[in-house]
Amino acid sequence: MSAVERAKELQPELERLRRSLHREPELGLALPRTQEKVLAALDGLPLEITLGTGLTSVTAVLRGGRPGGAVLLRGDMDALPVTEESGVPYASEIPGRMHACGHDLHTAGLVGAARLLAERRDRLHGDVVFMFQPGEEGHNGAGAMIEEGVLDAAGKPLDAAYALHVASNQVPGGVVITRSGTITSASDLLTVTVRGEGGHGSTPATAKDPVPAACEMVTAVQNWVTRAFDIFDPVVVTVGTFHAGTKASVIPDTAEFQATVRSYSESARDRLAEGLPRLVRALAAAHGLEAEVDYLRHYPVTVNDTDETAFAVATARDLFAPGEVWESPVPTNGSEDFAYVLRRVPGAMLLVGAAPEGSDWQHAPMNHSPRAVFDDRVLYRQAALLTELAERRLAATAPAEPAVAG
């Protein structure tokens, strides 16, 4: 039986797990109920399981029946601080929390791969590490798991690492898409506090108003990036918060804003980290004010290995129908802490379309939206693809078996 056929048989079980996870989303690095559900789903499989100490991660190692290398498969598990408005019957039962990025699907899909690979254990040429990761949404759970030894869990160097990520509106449901090189952007955070001297709104000359200076900074950073960076190595700066004052007639002492900063190369990222603080400090000084600037380097650029990407695309095309595997000409604008794994191990991240069947996927709510809906049909596809990536990659570098004497 093929991996796809067997995964289809597991679909009802994976769907139940996914919906259970969806009803009880958890945030950050502490996901105790999610961890319990994953352990229950893995119970009875021939796995060596290690739990995280600084986070509720699950690392499971499957030892293959034949000698060989090791491959890692990642599935992230955390949700977002979003109040769900999807209208699905299994919607979040916890106000202010939602699996709005599809990590519940990633978790269930990785469980499915563990089930399938355990059934194929005797023919596996090496070991598979299953990385069930908390804290992808801004908490660097991948980095924490690396510090706790996930990349060394097999007791041998990893040959490759793979991860899948569902998308509610980037491609049609079921379509697999990836690219060689940069697959997701770097993500950094700029926080600026402009300090002035408050006063009465009727007499601004007697105060040092931080609001106009901060407003000027917001527009200046947008203008600067269009003039300082090559359009073929783009950057995106978006101011998401702006806070100042308490009353129309009061000039406040401070104004603060925060911006997400996205880039697609390390050279552009370095220039942003140096140039944005310099720009806002200069504007503050021009207004006779001071600016406190905090530039936090968050997730780096996620870079797919060329050879591993070609292998993953070929594997997906073997499994799925013609036209269901695409190669993207451009990266996606999201960011990923799987980047830290791919800095240490050659591998690839692939996106899987999860738009509901028959939906207008191009206009559907995107990942992170409170109205985002992900189709359970991608579960068996994820399980089958992860299974084949691991099994075929191990077989590709397996040592030659001794000939049997006649």
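Start by selecting Leu 42 in this predicted model. Setting aside neighbours within four places in sequence, show what touches Leu 42: Leu 47, Ile 49, Val 58, Ala 60, Val 111, Ala 114 and Phe 132 are in contact with Leu 42.

Now widen the view to the core around it. Leu 42 belongs to the largest nonpolar core, a set of 58 residues. Colour Leu 73, Val 128, Phe 130 and Phe 132 along with Leu 42, and you have the residues with the most contacts inside this core. Which helix gives the most to this core? Select residues 378-396: that is helix H9, and it contributes 10 residues. As background, nonpolar side chains in soluble globular proteins tend to be buried together.

Next, look for another core. Apart from the one you have just coloured lies a core of 30 residues. Ala 213, Ala 220, Phe 229 and Leu 276 are among them, and make handy picks.

Keep going with residues 191-281. An unreviewed UniProt entry annotates this stretch as "domain: Peptidase M20 dimerisation". With cartoons on, you will find 38% helix and 32% strand here. Pick the C-alpha atoms at the two ends of the stretch, and they lie 12 Å apart.

The last stop is a cavity. How many cavities of 30 Å³ or more does the structure hold? There is 1, and the largest cavity has about 40 Å³ of space. To see its lining, select Arg 18, His 22, Glu 84, Ser 86, Val 88, Tyr 90, Ala 372, Val 373 and Phe 374. Colour this lining by residue class and it divides into 5 nonpolar, 2 polar and 2 charged residues.

Notes
Residues numbered from 1 in each chain as written. Predicted model: local features only at pLDDT ≥ 70, side-chain atom pairs only at ≥ 80, totals over all residues. Heavy atoms only, no water. UniProt positions renumbered as here; feature names shortened; annotations may be inferred. Helix = DSSP H or I, 4+ residues; strand = E, 2+ residues; numbered from the N terminus. 1 Å grid on protein atoms, 1.4 Å probe; cavity = no way out; pocket = protein on both sides within 12 Å on 5 of 7 lines; lining within 4 Å. Points joined across faces, edges and corners; volume = space filled by probe spheres on them. Nonpolar A, V, L, I, M, F, W, Y, C, P; charged D, E, K, R; others polar. Core = buried A, V, L, I, M, F, W, Y, C linked by side-chain atoms within 4.5 Å. Buried < 20%, exposed > 50% of the residue type's maximum accessible area, 1.4 Å probe, protein only. Contact = heavy atoms within 4.5 Å.
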